[in-house]
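Q: I have a new model open and want to find my way around. Can we go through it together?

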Amino acid sequence: MSANATISDNPLLKGSGLPAFADITPEQIVPAFSQLLTELDQELSTLNANVKPTWNNLVQPLERLTERLNWSWGVVNHLMGVKNSSALREAHETVQPQVVQFLNKLGQSQPIYNAFKALRASDSWKSLDYAQQRIVEAAIRDAELSGVGLQGEARERFNTIQMELAELSTKFSNHLLDATKAFSVILTTTEEIDGLPHSLLSLAAQAARAAGEENATPENGPWRITLDLPSYGPFMQHSTQRDLRQKLYKAFITRASSGELDNNRLIERILELRQELAQLLGYQTYADLSLASKMAENVEAVESLLEELRRASYNCAVKDLEELRAFAVEKGAAEANDFQHWDISFWAERQQEEKFAFTAEELRPYFPLPNVLDSLFTQVKHLFGVTITPADGQAPVWHEDVRYFQISDETGNPIAYFYLDSYSRPEEKRGGAWMDRCTNRDKITENGVTNVRLPVAYLVCNQTPPVDGKPSLMTFSDVETLFHEFGHGLQHMLTKVDYPEAAGINNVEWDAVELPSQFMENWCYVSIPVRDGEKASQDTSSRLPTLLGMAKHYETGEALPEHYHQKLLAAKNYRSGSAMLRQIHFSLLDLELHHRYRPGSGETPKDVRDRIAKNTTVLPPLPEDSFLCAFAHIFGGGYAAGYYSYKWAEVLSADAFAAFEEAGLENELSIQATGRLYRDTILALGGSKHPMEVFKSFRGREPSTEPLLRHNGLVAA
């Protein structure tokens with residue numbers, strides 16, 4: 001391809017709108033970025049030479065410049081997550097250092113930084129609206145965190161570190177993906193599959209066929225079990241073969257911890273570089289640096305919240321484990337005196353079945369993906385007044401299973417779109433679930449005509465794909481995950497902010513970003529009446545068909561029996577102390593590694609984990625447990641010294657949901673009024689105001705931890 005590729009030659013140079021996924025190949029990445037970065041470099045030089053401290057001559061041209069890079073680099077990173085291949089990795093690896101180099105140059109531009117400071121000090125500052133002022137403040141802070149104040153050797157060192165950290169982070173993720181992919185167990189006898197549900201046998205037979213066992217069937221096998229969560233999770237819950245559970249568990253907790261894929265040395269290096277980076281910028285620790293752009297004031301404030309939650313959950317978690325162990329003994333488990341990590345999922349599933357008289361598998365047939373989507377969309381319309389309709393075929397997709405949808409407002413006008421990539425594809429797609437931005441909302445004026453560019457989101461999940469002619473049947477946990485990611489999507493898509501730098505999730509402090517996602521999970525358990533409180537009967541037929549009302553058996557069409565609804569509610573807080581403690585364990589471990597730990601101090605990151613585990617786990621990790629090698633949130637993603645954000649934001653989200661409880665979940669009119677207020681504040685304001693201000697504009701006060709503890713059954717209601 002010639003150096004001066006045109007857009008028609010290279011779809012990665014399009015720079016705006018929907019990516020032409022069908023036309024993008026890994027071979028186009030290097031030439032596209034070689035040209036793009038050359039052009040952007042020239043644009044940056046021009047901007048540096050002519051920049052003026054006004055909104056139109058500083059913020060707008062800068063936004064146009066970064067938009068082009070974010071668009072192209074965003075497409076490549078998206079494909080790294082959903083369509084990973086060795087050719088794509090190689091291209092990404094080649095281009096990444098150049099991208100980091102350009103971002104450093106941009107972040108450290110003295111003329112741009114000085115112009116932002118001059119704008120803040122100028123007479124025109126007062127004429128900017130609140131969102132514009134917040135964008136300028138964030139730009140000044142981000143420049144300072146990007147090393148704009150560094151000179152000579154210090155700046156050179158800073159840039160070298162940034163480059164190496166980006167490479168290490170990608171390598172960490174690739175190692176984890178490869179290690180997860182590398183392990184599998186082939187089962188061939190009925191004894192080996194004892195206890196496994198049919199849904200897992202179908203998936204395992206499909207995995208065996210994909211691995212070359214052409215005649216594999218759910219009935220006769222062979223069955224291939226992998227460390228991919230839709231396979232690993234159900235196997236650990238249902239396999240009666242303790243030795244096989246042990247084998248899989250040990251493979252899972254030692255992923256990417258030895259040989260060529262060993263992440264241990266990457267972890268040491270990442271922590272060492274992050275600490276050096278923080279000190280170059282004048283911070284004592286990387287945690288201090290991380291919190292400089294977050295909602296929490298300092299490490300002490302975070303630790304104080306986590307300790308409050310730890311105290312509330314620790315004894316409950318101890319009790320959870322004692323009860324589970326006793327249950328296993330009662331059921332005649334010879335191994336109960338030697339109760340191990342690989343026994344927990346299995347016995348918890350049995351205990352839950354007995355306690356609440358249903359299994360997760362029993363519910364799957366009632367949650368086929370199409371019904372769950374109907375339910376989610378109905379709920380969103382009821383709460384926020386927006387309508388979601390399929391728009392398949394209107395956008396190019398990266399895989400035939402990907403769907404495309406339109407969101408319209410009350411008047412029927414489109415206000416946003418989203419892609420939905422629901423199914424697990426372990427050979428090319430990373431695990432977990434996430435929401436990402438495809439395009440941001442923006443107000444664009446061309447030739448005197450102003451139009452609003454609508455936001456588009458990527459929503460990615462990893463549930464069991466349709467197998468053997470059945471639709472994708474979801475566990476209730478899959479359902480919660482979908483609602484969670486959709487909550488992120490709503491904040492991106494229902495924003496009313498017209499500046500892309502603060503629209504949707506942009507410029508929202510990281511520890512507030514999980515508020516809308518965790519908030520949506522609450523609606524998985526609620527059914528709301530169609531009529532207002534006075535007229536609503538207790539009869540479920542008068543209820544809005546929300547999730548539990550719309551759950552219907554995929555074959556018979558039979559509605560989810562009411563006793564299941566009651567059991568789901570009863571099971572909601574099953575082992576909630578353990579679940580809370582687990583998140584606190586991860587959060588405190590992350591903080592400790594980025595605040596007090598020093599590489600070369602004689603203590604390893606693994607030692608730190610074992611030390612933190614003493615107060616935050618009730619069954620200590622095994623000696624060989626290498627969880628940190630798979631802790632992608634902090635070593636491969638953006639949660640470094642920020643994993644606590646899940647808990648911080650969960651306090652906010654539980655309190656936000658409490659507003660609906662106070663309005664009366666039985667009162668349709670109140671619920672709709674509260675829903676519109678939530679949409680106009682939490683969802684609409686995005687990063688245009690500080691999250692505490694946004695929260696107070698919805699709630700009328702600062703948040704309280706009481707609703708979170710109450711929702712988790714950790715304080716008396």
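**A walk through the model**

Q: Let's start with a strand pair. Which residue in β4 stands opposite T387?
A: T387 stands opposite S408 in β4. Keep in mind that this is a predicted model.

Q: Which way do β3 and β4 run, and how many bridges join them?
A: They run antiparallel, and four bridges join them. Strand β3 covers residues 387-390.

Q: And how many bridges pair β4 with β5?
A: Six bridges, again in the antiparallel sense. β5 covers residues 414-423. In this pairing, Q406 stands opposite Y417 in β5.

Q: What do β4 and β5 form, and what's in the turn?
A: They form a hairpin with five residues between them. G412 sits in the turn and has a positive phi of about 90°.

Q: Why is β4 called largely enclosed?
A: Strand β4 spans residues 403-408, and five of its six residues are buried. So the rest of the structure largely encloses β4.

Q: Switching to helices. What span should α5 have, and what does the model give?
A: Helix α5 has 16 residues, 130-145. At 1.5 Å a residue, the expected span is 22 Å. The end C-alpha atoms are 22 Å apart, which agrees.

Q: What caps its N-terminal end?
A: D129 does. One of its side-chain oxygens lies 3.1 Å from the backbone nitrogen of A131.

Q: And just after α5, which residue takes a positive phi?
A: G147, at about 90°.

Q: Which residues of α5 are buried?
A: Among them are A131, Q132, R134, I135 and V136. A138, A139, I140, A143 and L145 are buried too.

Q: Why would residues three or four places apart point the same way in an α-helix?
A: An α-helix has 3.6 residues a turn, so residues at that spacing point the same way.

Q: What do the buried residues of α5 pack against?
A: Six helices are named here, including α2 (55-82), α3 (86-107) and α4 (110-121). They also pack against α6 (152-182), α11 (286-291) and α25 (691-699).

Q: Now the core. Which residues of the largest nonpolar core touch the most other members?
A: F367, F384, F418, F486, F519, F635 and Y678. That core has 135 residues.

Q: What is Y678 in contact with, leaving aside neighbours within four places in sequence?
A: F384, L515, P516, F519, A656, F660, L683 and F698. Apart from this core lies another, of 60 residues. Its members include L44, V51, L79 and L119.

Q: What about odd backbone spots? Where is the cis peptide bond that involves P222?
A: It joins G221 and P222, with omega about -5°. P222 lies in the loop between α7 (198-210) and β2 (223-226).

Q: Which phi does A357 have, and where does it lie?
A: A357 has a positive phi of about 55°, although it is not a glycine. It lies in the loop between α13 (341-356) and α14 (360-363). At 43% relative accessibility, A357 counts as partly exposed.

Q: And R575: buried or exposed?
A: Buried, at 17% relative accessibility. The cut-off for buried is under 20%. R575 also has a positive phi of about 55° without being a glycine. Its loop runs between α19 (562-571) and α20 (576-595).

Q: Last one, the whole chain. How many helices and strands are there?
A: There are 26 helices and nine strands. The radius of gyration is 26 Å, close to the 27 Å the globule rule gives for 717 residues, so the chain is as compact as a globular protein of that length. Of those 717 residues, 57% count as buried.

Definitions and conventions. Residues are numbered from 1 along each chain as its sequence is written. This is a predicted model: local features need pLDDT of at least 70, side-chain atom pairs count only at pLDDT 80 or more; totals for chains, interfaces and linings use all residues. Side-chain values use heavy atoms; hydrogens and water are left out. A nonpolar core is a set of buried Ala, Val, Leu, Ile, Met, Phe, Trp, Tyr and Cys residues joined through side-chain atoms within 4.5 Å. Buried means under 20% relative accessible area, exposed over 50%, partly exposed in between (1.4 Å probe, protein chains only). Contact means heavy atoms within 4.5 Å. Helices (H or I, at least four residues) and strands (E, at least two) are DSSP runs, numbered from the N terminus. The expected span of a helix is 1.5 Å times one less than its number of residues. A polar contact is a pair of N or O atoms within 3.5 Å; within protein, one must be able to donate a hydrogen and the other to accept it, and residues adjacent in sequence count only if both atoms are side-chain atoms. Two strands pair if DSSP finds at least two bridges between them. The radius of gyration is taken over C-alpha atoms; the globule rule is 2.2 Å times the number of residues to the power 0.38.
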